[in-house]
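Q: Please take a close look at one sheet of this model and at what lies around it. Please then set it beside other features of the chain, with the cut-offs behind each term.

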Amino acid sequence: MASPQRSWSLSSLPLDMIEEIFHRTPAESLLRSKPTCKKWYDLIKNKRFIYEHLRRSPGRSLRTDERRFLRIDKTVQIMEPVTRTRSEKPIPYELQPLKNIKAMVHCDGLMLCMCSDMESRIVHLALWNPLTRRIALIQPSTRFTTSDHYGIGHGVNKYRDGYKILRFSDRRYADHYHCEADVEIYYCETSTWRALDDAKVDWTMDLTCQGVSVMGNMYWLARRVVQMIIEDFILCFDFSVETFKDVCFCPLYNINNYLSCFDGDRLSFLQQDEAEPNIIEVWATNKLADDGDDVSFTKYFRVVNPDLPSLLFDYREMSSQPVYYIAKNKRIIAWCEGVVRDGDKFPICIVLYEIDEGGLRNQRVTELHYENDYVGTFLCGYVYVPSLVPLP
């Protein structure tokens, strides 16, 4: 007699087992799974589950690397470096009236967008989750301007305390207008601003560095002049205690140096000199959380090869900064602009590079743009990790 067939489905598993499986599932797949059944829907939208899923994101688990490259041109373009697949979507309707998207800062899958109108020098801020496509416009206490800098982060318990947005004016502009540089913080949960009157701004920012959010705090390249001596250092804003602090001196830098997150809890610093483009150096800090104030850069690896691509930022050509991250086995994964020849034309191409200590290992042209159809991203290329984190 034939044995009866056994029916099995994921839905029949205990909820704790389903939750463990979902913790190992990419956020994009979870979003598609929400309508499947009510039990899954309730789990996936639960904040406790969302933040635990985020905690296990790249750099903190052995799960497949979920980092993505995001660029804004005439559309929103997302590249998956591991699979080398590229998707393209329209710029969200809510962002289209805000003119040019000047820059973004990523934190937990949320993008803080700075949209500038160069004629009026007015900036609009928006908080955007590219995965869920949710957008919230941030209203200023007075107004935002192109001379401001911005950051996003959270306190020790982001689930309880929520996200915060920092705005501060640059020292050089305050000196020009003979006024104090102002600093204020926005609490997303209550939609309120608070001035930080005791914050002292005695440094200037590297204008090409929009900052990087690591473990809830913001980091920038900054410069201070002390008794005619120039100090280049890493500046941090600690959202838990709501204050600025110097983290460490950084390796000598110029316009073609880039600050990024490394391994989830450290900073990386990439250098490529315009005079010697055949050399790339990568520096990394120790873990920011474990060492308190004792943070420093050490050289992680060096690449010397005459065939290295140029990852340089060019003000004259208004080319965009390279979007990159440091992968396992001392590899640089970068997505940036280049120029190729097509007969008598020189179109702008967007190239995905893989570089290791031996030099250029792989490259793939993902887009070709001719002069009449290319807007350019300037400072608007980013690394982000998709998440289900809801907007406040």
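A: The account below begins with the sheet, moves to the residues around it, and ends with a second sheet and further ring contacts.

The model is predicted, and local features are reported only where pLDDT is at least 70, side-chain atom pairs only at pLDDT 80 or more, whereas totals for chains, interfaces and linings use all residues. Residues are numbered from 1 along each chain as its sequence is written, and side-chain values use heavy atoms, leaving out hydrogens and water.

The sheet in question is open and consists of four strands in the order 9-10-11-12, with antiparallel pairing. Its edges are strand 9 (148-154) and strand 12 (192-195); each has a single partner strand, so one side of each is left without a neighbour in the sheet. On average, neighbouring strands of this sheet are turned by 25° against each other, direction ignored. Here strands (E, at least two residues) and helices (H or I, at least four residues) are DSSP runs numbered from the N terminus, and two strands pair if DSSP finds at least two bridges between them. For the angles, axes are lines fitted to C-alpha atoms, for helices over the stretch in contact, and values run from 0 to 180 degrees between N-to-C directions.

Strand 9 pairs with strand 10 (residues 163-169) in the antiparallel sense over seven bridges. Within strand 10, Y163 stands opposite H154. At the other end of the strand order, strand 11 (residues 183-187) and strand 12 run antiparallel and are joined by four bridges. The bridge partner of I185 in strand 12 is R194.

Although strand 9 is an edge strand, seven of its seven residues are buried, so it is largely enclosed by the rest of the structure. Buried means under 20% relative accessible area, exposed over 50%, and partly exposed in between, with a 1.4 Å probe and protein chains only. In a regular strand the side chains alternate between the two faces of the sheet. Both faces of strand 9 are covered: D148, Y150, I152 and H154 are buried on one side, and H149, G151 and G153 are buried on the other.

One residue that meets strand 9 is S213, which is located in strand 14 (residues 212-214). S213 is buried, at a relative accessible area of 12%. A polar atom of its side chain lies 3.3 Å from the backbone oxygen of I152. A polar contact is a pair of N or O atoms within 3.5 Å; within protein, one must be able to donate a hydrogen and the other to accept it, and residues adjacent in sequence count only if both atoms are side-chain atoms. Leaving out residues up to four places away in sequence, S213 touches V105, H106, C107, I152 and M218, where contact means heavy atoms within 4.5 Å.

F237 belongs to strand 16 (residues 229-238) and is buried, with 0% relative accessibility. Its C-alpha atom lies 8.9 Å from that of G153, although the two residues are 84 apart in sequence. Beyond its neighbours within four places in sequence, F237 contacts L166, I185, L196, N217, M218, W220, E242, T243 and F244. F237 also takes part in a cluster of ring pairs with F168, W203, W220, F239 and F244. Rings of Phe, Tyr and Trp (its six-membered ring) pair if their centres lie within 6.5 Å; planes under 30 degrees apart count as stacked, over 60 as edge-to-face, and the rest as tilted.

By this rule there are 15 aromatic pairs. One of them joins F22 and W40 edge-to-face, at 5.2 Å centre to centre and 85° between the planes. This pair links distant parts of the chain, F22 in helix 1 (residues 15-23) and W40 in helix 3 (residues 38-44), 18 residues apart. F22 and W40 are both buried.

A second open sheet has four strands in the order 18-19-20-21, again with antiparallel pairing. Strand 18 (257-262) and strand 21 (297-304) are its edge strands, each pairing on one side only. Its neighbouring strands are turned by 20° against each other on average, direction ignored. Four bridges connect strand 19 (residues 266-271) with strand 20 (residues 279-285) in the antiparallel sense, and Q271 has E281 as its bridge partner in strand 20.

Y300 is partly exposed at 29% relative accessibility, whereas F301 is buried at 3%. K330 lies over the face of Y300, at 5.4 Å from the ring centre; a charge sits over a ring if NZ of Lys or CZ of Arg is within 6 Å of the ring centre and within 35 degrees of the ring normal. R71 is likewise placed over the face of W335, 5.4 Å from the ring centre.
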